Amino acid sequence: MIYTNTCITTITDFVILGFPGLDPKYNAAVSVLLFFTYLAIVFGNLLILVFVGLDKRLYKPTYLIFCHLAMTDLLFGTVTLPKAISKYWWDDKIVSFGGCFTQMYFVHALGAIQSLLLLIMALDHFISVCLPLKYPVLITNNKISIACGLSWIFTFFRMMIIVFHALSLPYCDSNIIVQCYCDHISIVRLGCGENVRYVQRVALGFAMFSLLLPVSFILFSYTSIFVVILRMRTVERSYKTFSTCTPQLFITFLYYLPRCFAYVANNVGFSFNLDIHILVTLLYSLIPCVFNPLIYCFKTRDIKDSLMRKLTRAKVGMKQVLRKI
């Protein structure tokens with residue numbers, strides 16, 4: 001709904017457009033796909049939290065980082081997908097002005113938190129491979145918990161600046177969000193006045209700080225790790241380390257590179273097909289949430305051993321029940 005006051009239009013709600021070129025007959029298929037994507041995110045990441053929470057043998061720094069990553073993935077999927085699903089399932093495309101800015105806040109806050117958590121994880125890997133003798137001293141559960149906790153607190157406060165900065169703009173003419181959820185680029189693009197470019201540049205600066213600083217250290221850490229791998233005399237150990245780091249590095253690049261490109265392209269005026277742009281945004285936002293549990297946890301021996309122990313106990317318990325029957 002839009003109310004006009006002289007030359008300024010006050011927007012009270014936004015319309016989530018989604019894929020502008022999508023034929024309505026495919027709406028049901030898209031909603032089902034998004035629904036099962038959400039189920040995969042919830043199931044995989046909750047499984048990590050339950051496994052680590054119930055098995056004291058997994059109370060280690062690496063798995064604490066995994067738990068924080070699982071929480072960010074779970075929250076990100078919960079913040080974005082239900083509204084996108086309802087848009088295609090029930091044509092529920094209206095979101096209030098405040099609701100849209102709230103969603104934007106959590107979308108970017110959770111993304112920035114995940115960036116810092118990937119930095120902490122890279123530091124954990126770097127010290128464990130390059131400085132193994134100092135690892136028990138430098139990396140402890142308390143230190144990792146404090147680092148991860150500060151990442152959440154610092155980012156939630158920092159993202160308030162971005163939201164309030166965007167709220168300072170007047171919004172008029174259009175209330176259509178050309179995206180499947182409310183993000184900063186899509187919202188500020190609807191702003192009016194001379195300050196729009198300034199708000200976009202400030203957001204770009206914050207985004208590059210959140211992305212480039214962590215990714216620089218991540219590149220350094222994984223480069224150092226691969227150098228150490230090449231120097232390893234034991235083929236089995238080097239292969240194990242390489243097979244563990246390579247998928248994580250792939251997901252890291254999938255997280256950082258498209259985001260950097262999206263922010264830079266928006267600020268330099270580069271544009272391409274809207275449907276492709278939205279699809280790429282969903283892919284680099286949701287694919288890590290789906291596959292992080294597989295890459296970060298279920299490829300590790302401790303998680304697999306814990307899973308096998310629980311399955312064995314369940315099998316033995318079932319046999320005992322059947323014998324009593």
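Here is a short chat about a disulfide, a small sheet and two helices in a predicted model.

Visitor: What are the ground rules for this model?
Guide: It's predicted, so local features need pLDDT of at least 70, side-chain atom pairs count only at pLDDT 80 or more, and totals for chains, interfaces and linings use all residues. Residues are numbered from 1 along each chain as its sequence is written, and side-chain values use heavy atoms, with hydrogens and water left out.

Visitor: Which residue does Cys-100 pair with in a disulfide?
Guide: A disulfide here is a pair of cysteine sulfur atoms within 2.5 Å, and the count by that rule is 1. The link is left-handed, with -105 degrees about the S-S bond. At 2.0 Å from S to S, the partner of Cys-100 is Cys-182.

Visitor: How many residues apart in sequence are the parts tied by Cys-100 and Cys-182?
Guide: Helices (H or I, at least four residues) and strands (E, at least two) are DSSP runs, numbered from the N terminus. Cys-100 lies in helix H3, while Cys-182 sits in the loop between strand S5 (176–177) and helix H6 (184–188), so the parts tied together are apart by 82 residues.

Visitor: Is Cys-130 buried, partly exposed or exposed?
Guide: Buried means under 20% relative accessible area, exposed over 50%, and partly exposed in between (1.4 Å probe, protein chains only). Cys-180, at 3%, counts as buried. Cys-130 comes in at 22%, so the label is partly exposed.

Visitor: Which strands stand at the edges of the open sheet?
Guide: Two strands pair if DSSP finds at least two bridges between them. The sheet has 3 strands in the order S4-S3-S5, with mixed pairing. Each edge strand has a single partner, so one side is left without a neighbour in the sheet: that's S4 (94–96) and S5.

Visitor: Which residue stands opposite Asp-13 in S4?
Guide: S3 (residues 13–16) and S4 run antiparallel and are joined by 3 bridges. Opposite Asp-13 you'll find Ser-96.

Visitor: Where does helix H2 bend?
Guide: H2 covers residues 61–89, and 22 of its 29 residues are buried. The bend at a residue is the angle between axes fitted to the seven residues ending there and the seven starting there. For H2 that's about 30 degrees, with Pro-82 following within four residues, and the spot is Leu-81.

Visitor: Is Gln-114 buried or exposed?
Guide: Gln-114 is found in helix H3 (residues 97–130). Contact means heavy atoms within 4.5 Å, and Gln-114 touches residues including Leu-69, Tyr-255 and Asn-292. Its relative accessibility is 7%, so Gln-114 counts as buried.

Technical notes:
Expected span 1.5 Å × (residues − 1). Lists of a residue's contacts leave out its neighbours within four places in sequence.
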